[in-house]
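Hi,

Here is the structure I promised to pass on. Have a look at it first, and then read on for what turned up.

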Amino acid sequence: MKFKDKVVVVTGSTRGIGREIASTFARQGAVAIILGRNAAAAAEVCNDLVQKGLKAENFACDVTNLANVQEIVNKILDKHKSIDILVNNAGITKDNLLVRMSENEWDEVIQVNLRGVFNCTKVVARVMLKVAVKHADAAADLGGLPAGQAGRIINISSIIGIIGNAGQANYAASKAGIIGFTKAVARELASRGITVNAVAPGYIQTDMTARLKESARTQLLENIPLGRLGTAEDVAGVCLFLASPQAGYITGQTFCVDGGMAI
Ligand code: NDP
C-alpha cells in the first residue's frame with residue numbers, strides 16, 4: 001500500500017492503458033480519479049474499483065477544454081487537499097498519409113494529445129506547486145525538502161514520437177511534442193521537488209491497436225525483439241515506479257516500454 005490515500009488523476013482512464021494505470025494505483029491504496037469524455041464509462045470503471053473495495057471517483061472531462069479541466073480539478077480539491085500524481089494518458093489517433101491528411105485530422109490529434117497535456121499539466125502543476133511551497137516552508141527548518149516528494153507528473157507519449165511511422169505524422173508530432181514538453185516542464189518544476197517524466201509505449205494491446213490487420217500485426221512482431229505486443233500492465237508498472245519514492249531523483253526522462261522496438 002505504498003500509495004495509501006494518494007490522489008492520482010489519470011486522464012483517459014475509461015478503458016485501455018489509462019484504466020489499467022488507474023486500477024494499478026488503486027490496488028496500491030491510492031484514490032484513483034477516473035476521467036474521460038464518456039461519463040457512463042467513467043462511472044462504470046469507478047464502480048468496478050469501488051466494488052472491489054478500492055478507492056475511486058469519476059468525472060466526465062474533456063482534456064481539450066481548459067475551463068472544463070479547471071472545473072474538474074476544483075471539484076477534486078473540494079474533497080481532497082491536493083493532487084499527488086497526474087498521469088496524462090488521454091490520446092487518440094487519426095491516421096492518414098501526409099498528402100491525404102485533412103486539417104481536421106491534424107488538428108484533432110494535436111488538440112487531444114498535446115493541448116490536452118498542456119491543459120491538465122498547467123492546472124494541476126499550480127495545485128502541486130502550492131503544496132510544494134507549504135512542504136518546502138515546513139521542511140526548511142529540517143534542512144530542505146527531499147527531491148521528488150512534492151508531486152509527480154507522468155506523460156504518456158509513444159515510441160512513434162521517437163521513431164516515427166508512415167501514416168501517423170500528426171500522432172508522431174503530438175507524441176514527440178510531449179517529450180519536449182516533459183523536459184521543459186521538468187526543468188520548471190524541479191526546484192520544488194516535482195518530477196515530470198514521460199513513458200513511451202510501443203504496440204500495446206488495447207482498442208487503439210485492435211484495428212490492426214493480421215498482416216500488419218505479423219510484420220510488427222518481426223520488429224519487436226521481445227516477440228510480443230505489450231500489455232497495459234507493462235505500461236502501468238513503469239508509471240507506478242515513476243510515482244514511487246524510489247524514482248524521486250528521476251526527472252525529464254522518457255522511458256520506452258516497447259519490447260525493444262526502438263533499440
Ligand atoms: P484507448 O483508445 O483504448 O483509450 C483512450 C482513452 O482516452 C479513453 O479513455 C478515452 O475516453 C480517452 N480520451 C480520448 N479523447 C479524450 C479527451 N478529449 N478528453 C478526455 N479523455 C479522452 O487508447 P489506449 O489505452 O491504447 O492509449 C492510451 C494512451 O497511450 C494514449 O495517449 C495513446 O496515444 C498511448 N499509446 C498507446 C499505445 C498502444 O499501442 N495502445 C502505444 C503508445 C502510446 P473517452 O472516449 O471516454 O473520452
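Let me start with the charged side chains: R19, E44, D48 and K52 are linked in a network of salt bridges. Before going further, please keep in mind that this is a predicted model.

Within that network, K52 and D48 meet through their side chains, with N and O 2.9 Å apart. K52 is exposed, at 55% relative accessible area, while D48 is partly exposed, at 23%. Over the whole structure the count comes to 11 salt bridges.

Another pair to look up is K79 and E57, whose closest N and O atoms are 3.1 Å apart in a salt bridge. K79 sits in helix α3 (residues 66–79) and E57 in strand β3 (residues 55–60), so this pair ties together parts that are 22 residues apart in sequence. The two ends have their own surroundings: K79 is exposed, with 61% relative accessibility, and E57 is buried, with 14%. There is also a salt bridge between K4 and D5, where the closest N and O atoms are 3.3 Å apart. D5 counts as partly exposed, at 42% relative accessibility.

R19 comes up again around T14. You'll find T14 in the loop between β1 (7–10) and α1, and at 12% relative accessibility T14 counts as buried. Which residues does T14 touch, leaving aside its neighbours within four places in sequence? T14 is in contact with R19, I34, L35, G36, N38, A41, A42 and V45.

Now the nonpolar interior. The largest nonpolar core has 44 residues, and I33, I76 and I83 are the ones that touch the most other members. Its residues come from several places: β1, β2, α3, α4 and α6 each supply at least two. The largest share is from α4, with 10 residues. If you want one residue to centre your view on, try I33: not counting residues up to four places away in sequence, I33 touches V7, V8, V9, V10, S13, E57, F59, I76 and H80. So E57, the buried partner of K79 in the salt bridge, turns up among the contacts of I33 too. Apart from the largest core lies another one, of 31 residues, including A26, C46, A56 and I156.

Next, the empty space. How many cavities of 30 Å³ or more does a search of the whole structure find? There is one, and about 50 Å³ of space lies in the largest cavity. Its lining is made up of V9, T11, L35, C61, V69, I72, V73, L86, C120 and V124. By class, that gives nine nonpolar residues, one polar and no charged ones. Both α3 and α4 supply at least two of the lining residues, and α3 has the largest share, with three.

The largest pocket has a volume of about 1200 Å³. It is lined by 47 residues, of which G91, I92, T93, M208 and R211 are the closest to its centre. Sorted by class, the pocket lining has 18 nonpolar, 19 polar and 10 charged residues. At least two lining residues come from each of α1 (16–27), β2 (31–36), α4 (103–140), α6 (169–189), α7 (207–210) and α8 (214–222).

That's what I have for now. Happy browsing!

Terms used. Residues are numbered from 1 along each chain as its sequence is written. This is a predicted model: local features need pLDDT of at least 70, side-chain atom pairs count only at pLDDT 80 or more; totals for chains, interfaces and linings use all residues. Side-chain values use heavy atoms; hydrogens and water are left out. On a 1 Å grid over the protein atoms alone, a cavity is a set of points where a 1.4 Å probe fits but cannot get out, and a pocket is an open set with protein on both sides within 12 Å along at least five of seven lines; lining residues have an atom within 4 Å of a point. Grid points are joined across faces, edges and corners, and a volume is the space filled by probe spheres set on the points. Helices (H or I, at least four residues) and strands (E, at least two) are DSSP runs, numbered from the N terminus. Ala, Val, Leu, Ile, Met, Phe, Trp, Tyr, Cys and Pro count as nonpolar, Asp, Glu, Lys and Arg as charged, and the others, Gly among them, as polar. A salt bridge is a side-chain nitrogen of Lys or Arg within 4 Å of a carboxyl oxygen of Asp or Glu. Buried means under 20% relative accessible area, exposed over 50%, partly exposed in between (1.4 Å probe, protein chains only). Contact means heavy atoms within 4.5 Å. A nonpolar core is a set of buried Ala, Val, Leu, Ile, Met, Phe, Trp, Tyr and Cys residues joined through side-chain atoms within 4.5 Å.
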